[in-house]
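Visitor: Please take one part of this model and go through it closely. I would like the pocket first, and then the charged pairs.

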Amino acid sequence: MIQEVSQIEYNTERPKLIIPEYGRHIQKMVDQAIATEDKEERNKMAKGIIAVMGNLNPHLRDVPDFQPMLWDQLFIMSDFKLDVDSPYPIPSREELLERPEPLSYPQNHPKYRFYGNNIKRMIDVANRWEDGDKKDGLILTIANHMKKCFLNWNKDTVEDDVIFGHLYELSEGKINLKNSDEDLSDASNLLKVKKRYSSSSSNKKNYKSNSNNRNRKRH
């Protein structure tokens with residue numbers, strides 16, 4: 001009994017797995033392939049290991065880069081010591097350790113954040129359009145959307161002149177509705193969707209609480 005206990009392997013005493021997702025048995029197969037002297041036999045073992053690794057991820061079989069990825073992982077698990085003929089370019093340790101270029105995130109800090117970046121993009125598009133009814137309709141739509149964004153963020157009412165001033169500023173003076181006779185949608189109409197959503201949410205909560213109360217009474 002004591003001899004059997006002494007032969008038990010504990011994870012704390014085993015070498016650390018390079019890719020733990022494949023488990024200890026795959027790593028042992030890789031180690032055995034490394035220790036095999038005959039290269040032809042190593043090639044057969046490598047293909048067998050790749051097949052087993054592929055069976056562990058059947059949902060990725062149709063992915064174009066799946067097979068190259070498996071071969072890369074095989075060399076990684078062998079600590080780049082496995083000498084076999086790969087059907088794909090063998091990566092080097094330096095290539096895999098090389099850090100990718102940092103992503104450049106957009107650093108937009110708009111003055112009126114409650115409008116969002118899309119409003120500014122829409123205004124830029126409107127500036128590029130030729131004058132006409134189509135451009136006028138787009139500008140009016142943008143102004144109404146700006147008013148809705150303002151109301152959702154700030155309060156229940158806002159004068160149209162405030163929106164026209166912001167639109168003039170964001171368009172760099174190219175869109176001027178300050179002296180126009182245009183009237184934007186009424187604040188109550190723009191906030192109907194918001195109120196309708198909030199009332200439907202409260203109704204759902206009431207329905208759930210009532211149904212829970214009925215269930216308790218039944219018990």
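**The largest pocket and the salt bridges**

Guide: In this predicted model, the largest pocket has a volume of about 190 Å³. Its lining consists of 13 residues, and those nearest the centre are Pro-15, Lys-16, Gln-27, Asp-31 and Met-77. Helix H2 (residues 23-35) supplies the largest share of this lining, 5 residues. By class, the lining residues are 6 charged, 5 nonpolar and 2 polar.

Now the charged pairs. Side chains of opposite charge can pair when their charged atoms come close. The structure has 8 salt bridges. One of them joins Asp-83 and Lys-39, with 3.8 Å from N to O. This pair links distant parts of the chain, 44 residues apart: Asp-83 is in the loop between helix H4 (66-77) and helix H5 (93-97), and Lys-39 is in helix H3 (residues 39-55). Asp-83 counts as partly exposed because its relative accessibility is 42%; Lys-39, at 33%, is also partly exposed. Lys-39 and Asp-83 belong to a network of salt bridges with Arg-42 and Asp-85.

Another salt bridge is formed by Arg-93 and Asp-79, whose closest N and O atoms are 3.0 Å apart. Here too the pair links distant parts of the chain, Arg-93 in helix H5 and Asp-79 in the loop between H4 and H5, 14 residues apart. Arg-93 has a relative accessible area of 36% and is therefore partly exposed, and Asp-79, with 30%, is partly exposed.

The side chains of Lys-135 and Asp-131 also meet in a salt bridge, at 3.3 Å from N to O. Lys-135 counts as buried because its relative accessibility is 10%, whereas Asp-131, at 71%, counts as exposed.

Technical notes: Residues are numbered from 1 along each chain as its sequence is written. This is a predicted model: local features need pLDDT of at least 70, side-chain atom pairs count only at pLDDT 80 or more; totals for chains, interfaces and linings use all residues. Side-chain values use heavy atoms; hydrogens and water are left out. On a 1 Å grid over the protein atoms alone, a cavity is a set of points where a 1.4 Å probe fits but cannot get out, and a pocket is an open set with protein on both sides within 12 Å along at least five of seven lines; lining residues have an atom within 4 Å of a point. Grid points are joined across faces, edges and corners, and a volume is the space filled by probe spheres set on the points. Helices (H or I, at least four residues) and strands (E, at least two) are DSSP runs, numbered from the N terminus. Ala, Val, Leu, Ile, Met, Phe, Trp, Tyr, Cys and Pro count as nonpolar, Asp, Glu, Lys and Arg as charged, and the others, Gly among them, as polar. A salt bridge is a side-chain nitrogen of Lys or Arg within 4 Å of a carboxyl oxygen of Asp or Glu. Buried means under 20% relative accessible area, exposed over 50%, partly exposed in between (1.4 Å probe, protein chains only).
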